[in-house]
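Work through the exercises below with the model open. Try each task before you read its solution.

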Amino acid sequence: MSEGMRVWALAGIPEVSPGDDLVALIGAALDAGSPEQQPMDGDVLVVTSKIVSKAEGRVVAAADREQAITDETVRVVATREHPGGVTRIVENRLGLVMAAAGVDSSNTAEGTVLLLPLDPDASARALRGGLQRRYGVRIGVILSDTAGRPWRLGQTDLAIGAAGVAVLEDLRGTLDTHGRTLQVSQAAVADEIAAAAELVKGKADGRPVALVRGLGRHVTQDDGPGARSLVRTGPEDMFARGSAEAYADGWKDATAGDAP
């Protein structure tokens, strides 16, 4: 176990535009930091997915937001009307269940909205490869995005892309402090790192990248399975039916005996 960790946000990253070289921009911000803040073996860089979306040109006109949400949606989980319209909680093409499919209008130019990166794990791998070649050290990269939780107020950041990080620590089969065997415990390491980084990045401070030090035991030699491996799907998903689907099923079952 590590004795502790340090997390700090990088200063000096400018507004990102389509086609920008994120390795160069992040590298310049790292180089401008103090000597003790230079990348070391076992560090993890947490990058807000918005700047990746901007660099990859995942920008659409705000007038097309509702259609963009529809295009990114695989399955509608729940909807709720409000004075400003309708909130849609959906599963998007990345397997993530999010409000508005992750389409976001914050921290982007007026009149535009951002889609999530096409392949966040691939984006993380590209950033990791470029930064490791630049600095010659073993690092991990996490792409983070903000999401709500169905039974908790507020939002937190989670990992939507990862490279070089053991995203899940499986504790099943180990013993607790009383000698009992753990049966189901799995630590969502990548999500925990993403949430910790958000505490120093903030939502409106213009610091979209944070460096996390002290968790080298979770940094791997290879790229690893990525954050997509954290998505719970199939038989393991106990809440696969959305509210609209569950209501429709209940209505169908309730009226099944009414047919002549």
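**Exercise 1. Find how E8 and E9 run relative to each other, and how many bridges join them.**

Solution. Step 1: take the strands as DSSP runs of E, at least two residues long, numbered from the N terminus. Step 2: count the bridges; two strands pair if DSSP finds at least two bridges between them. E8 and E9 run antiparallel, joined by nine bridges. Step 3: check the register. Ser144 stands opposite Ala159 in E9. Step 4: look at the connection. A hairpin of two residues joins E8 to E9.

This is a predicted model: local features need pLDDT of at least 70, side-chain atom pairs count only at pLDDT 80 or more, and totals for chains, interfaces and linings use all residues. Residues are numbered from 1 along each chain as its sequence is written, and side-chain values use heavy atoms, with hydrogens and water left out.

**Exercise 2. Which sense does the pairing of E2 and E8 have, and how covered is E8?**

Solution. Step 1: E2 and E8 pair in the parallel sense, over five bridges. Step 2: Val44 stands opposite Gly140 in E8. Step 3: apply the burial cut-offs: buried is under 20% relative accessible area, exposed over 50%, partly exposed in between (1.4 Å probe, protein chains only). Seven of the ten residues in E8 are buried.

**Exercise 3. Identify the residues of the largest nonpolar core that touch the most other members.**

Solution. Step 1: define the core as buried Ala, Val, Leu, Ile, Met, Phe, Trp, Tyr and Cys residues joined through side-chain atoms within 4.5 Å. Step 2: rank its 32 residues. Ile26, Leu45 and Leu127 touch the most other members. Step 3: assign the suppliers. E8, E9 and helix H4 (120–135) are among the elements that each supply at least two residues. H1 gives the most, with six.

**Exercise 4. Where in the chain are the partners of the Lys50–Asp104 salt bridge?**

Solution. Step 1: use the criterion, a side-chain nitrogen of Lys or Arg within 4 Å of a carboxyl oxygen of Asp or Glu. Lys50 and Asp104 meet at 2.7 Å, N to O. Step 2: place them. Lys50 lies in helix H2 and Asp104 in the loop between strand E6 (97–99) and strand E7 (112–114), so the pair ties together parts 54 residues apart in sequence. Step 3: classify them. Lys50 is buried, at 12% relative accessible area. Asp104 is partly exposed, at 22%.

Notes: Helices (H or I, at least four residues) and strands (E, at least two) are DSSP runs, numbered from the N terminus.
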